[in-house]
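User: I'd like a close look at one strand and whatever surrounds it. Could you walk me through it in one go, and tell me how far to trust the model along the way?

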Amino acid sequence: MTSPYADPAETDDLGLAVDPDAPVLEVEDLRVEFATDDGPVTAVDGLSFRLHPNETLGIVGESGSGKSVTSMAILGLLPSTARVSGSIRYRGQELVGLKERQLRPLRGNKIAMVFQDALASLNPVHRVGAQIAEAISVHRSDLTGADLDARVVELLDVVGIPDPAARARQYPHEYSGGMRQRAMIAMAIANEPDVLIADEPTTALDVTIQAQVLEVMERIRDRTESSVMIITHDLGVVAGVADRVMVMYAGRTCEVADVESTFYEPAHPYTQGLLGSLPRLDSRSSDRLARIVGNPPSLLALPPGCAFHPRCPHAEVPGRCSDERPELRDLPGGHRVACHRSEEIEWRPQEAEAEGAAVHDVEEVE
Ligand SMILES: Nc1ncnc2c1ncn2[C@@H]1O[C@H](COP(=O)(O)OP(=O)(O)OP(=O)(O)O)[C@@H](O)[C@H]1O
Ligand code: SF4
Ligand SMILES: [Mg+2]
């Protein structure tokens, strides 16, 4: 039997076994559990997905659905209270279980991350240019002096910072919010990573600046041929930039599909609810936006059956939805969904508001 993974003779510049045809990133049955004073919390519960070369994958879900924990697990940055199981393969190489010193050459070099809060991530007492230079030097000790300075200016230019040579000498507080976020992107792409993970890269920004930052990310993906994971709670953010979308709820995947299917044929009521809460160009100004009623569940006391059932307007309660956990299954066209009833549910965007108003009281079904 031929191995689906790398020929051991083939290694990259870190000495890792690589297979050029393998997905860049392959996450399989990932589970992350935290020990807390109130008991164990399963923040990520059997997550599986692939990131293909030159692909942008949008990961969408409400607060607490496990988006950041997933990205931290990929980078090996979870605290010691986390128990990680399952598999995370980077170009065929298993990352789960690697030691810190084995992960370090990978982090910021092959897999880089843009964190949500750019102001907190930049050091206020160092010039922006010096911080980008440091990010380069960690992995490229050969680049020094004028060459290093030139690379910093080039990176600031790539992310659209005007007058980059002068801006490199400024401190973070002299940058606007959008410019700081771009400086963070410049830092993340300093070593032309294979995988760029952006965790809520635009949340703190106003809509115009959001669009500019997303445009920069798209340009960079094409220029560096990297694969990108954009994490956001806002489906609207991924509409223009993602090739595929994975929607998460309570640490699990509810739906994975290409971006067109996600927006035009959403199969999971949670995705439909997220879409119902997006402003539409063809809606009347008097239309109220639909919202998903209720709050995300506590991970310490997840509802039985489908974790979404107390908020789902289509839930069969009592019945399958309150009794059986729906597994992720295939629909035609590479679309995957974890819902018992997706074939029975017709998606009518104009009715999203009315449907969004339904709610099942979790007390009733227990
Ligand atoms: N160190 C930790 N110890 C205990 N629980 C944690 C820890 N880190 C995260 N969690 C829990 O794991 C769950 C998932 O958290 P995560 O940060 O991944 O959410 P998220 O989807 O990124 O949300 P947000 O949109 O708010 O950033 C949350 O319930 C959170 O409280
Ligand atoms: S399984 Fe049932 S409760 Fe869950 S999303 Fe589907 S219809 Fe709603
Ligand atoms: Mg997060």
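Analyst: Let's start with β7, which is covered on both faces: Val 195, Ile 197 and Asp 199 are buried on one side, and Leu 196 and Ala 198 are buried on the other. Put as a count, 5 of the 5 residues in this strand, 195-199, are buried. Keep in mind that this is a predicted model.

What does β7 pair with? On one side there's β6, joined to β7 in the parallel sense over 4 bridges, and here Ile 111 has Val 195 as its bridge partner. There's also β8 (residues 227-232), again parallel to β7, this time over 5 bridges. In that pairing, Leu 196 stands opposite Val 228 of β8. Between the two strands of this second pair comes a helix: β7, α8 (residues 207-224) and β8 together make a right-handed β-α-β unit.

Just past the strand, Glu 200 sits in the loop between β7 and α8. Its phi is near 50 degrees, a positive value in a residue that isn't glycine. Most residues other than glycine have a negative phi. Is Glu 200 buried like the strand, or partly exposed? Glu 200 has 18 C-beta neighbours inside 10 Å, so it counts as partly exposed; buried would take 20 or more.

Now zoom out to the sheet. It's an open one of 8 strands with mixed pairing, in the order β6-β7-β8-β3-β9-β10-β12-β11. Because β6 (111-114) and β11 (329-330) stand at the edges with a single partner strand each, one side of each has no neighbour in the sheet. Further along the order, β10 (residues 252-258) and β12 (residues 336-337) run antiparallel and are joined by 2 bridges; Val 256 is partnered there with Arg 336 of β12.

For a second positive phi, go to Asn 54, in the loop between β2 and β3 (56-60). Its phi is near 60 degrees, and with 14 C-beta neighbours inside 10 Å Asn 54 counts as partly exposed. There's also a cis peptide bond, between Val 317 and Pro 318, with omega about -5 degrees. Pro 318 belongs to the loop between α11 (269-276) and α12 (320-323).

Two ligands are in the model as well. Ligand 1 has 16 residues around it, and those that come nearest are Ala 43, Ser 63, Lys 67, Ser 68 and Val 69. The elements giving two or more residues to that shell are β1 (25-36), β2 (39-51) and α1 (67-75), with α1 giving the most, 3 residues. By class, the shell holds 6 nonpolar, 9 polar and 1 charged. Around ligand 2 there are 14 residues, with Cys 306, His 309, Cys 312, Cys 321 and Cys 339 coming nearest; that shell divides into 8 nonpolar, 4 polar and 2 charged.

As for trust, the chain's mean pLDDT is 86, and 86% of its residues reach 70 or more. The weak spots include residues 1-9, where pLDDT stays under 50 and the model has 8 contacts beyond four places in sequence. Over residues 352-366 the pLDDT is also below 50, and this stretch has 30 contacts beyond near neighbours in sequence. Where pLDDT is low, the predicted coordinates shouldn't be read in detail.

Terms used. Residues are numbered from 1 along each chain as its sequence is written. Chains are lettered from A and ligands numbered from 1 in the order in which they are written. This is a predicted model: local features need pLDDT of at least 70, side-chain atom pairs count only at pLDDT 80 or more; totals for chains, interfaces and linings use all residues. A residue is near a molecule or strand if its C-beta atom, placed from the backbone, lies within 6 Å of it. Ala, Val, Leu, Ile, Met, Phe, Trp, Tyr, Cys and Pro count as nonpolar, Asp, Glu, Lys and Arg as charged, and the others, Gly among them, as polar. Two strands pair if DSSP finds at least two bridges between them. A residue is buried if 20 or more other C-beta atoms lie within 10 Å of its own, exposed if 12 or fewer, and partly exposed in between; C-beta atoms are placed from the backbone. A crossover is right-handed if, with the strands pointing away from the viewer, the path from the first strand over the helix to the second runs clockwise. pLDDT is the predictor's confidence in each residue, from 0 to 100. Two residues are in contact if their C-beta atoms, placed from the backbone, lie within 7 Å.
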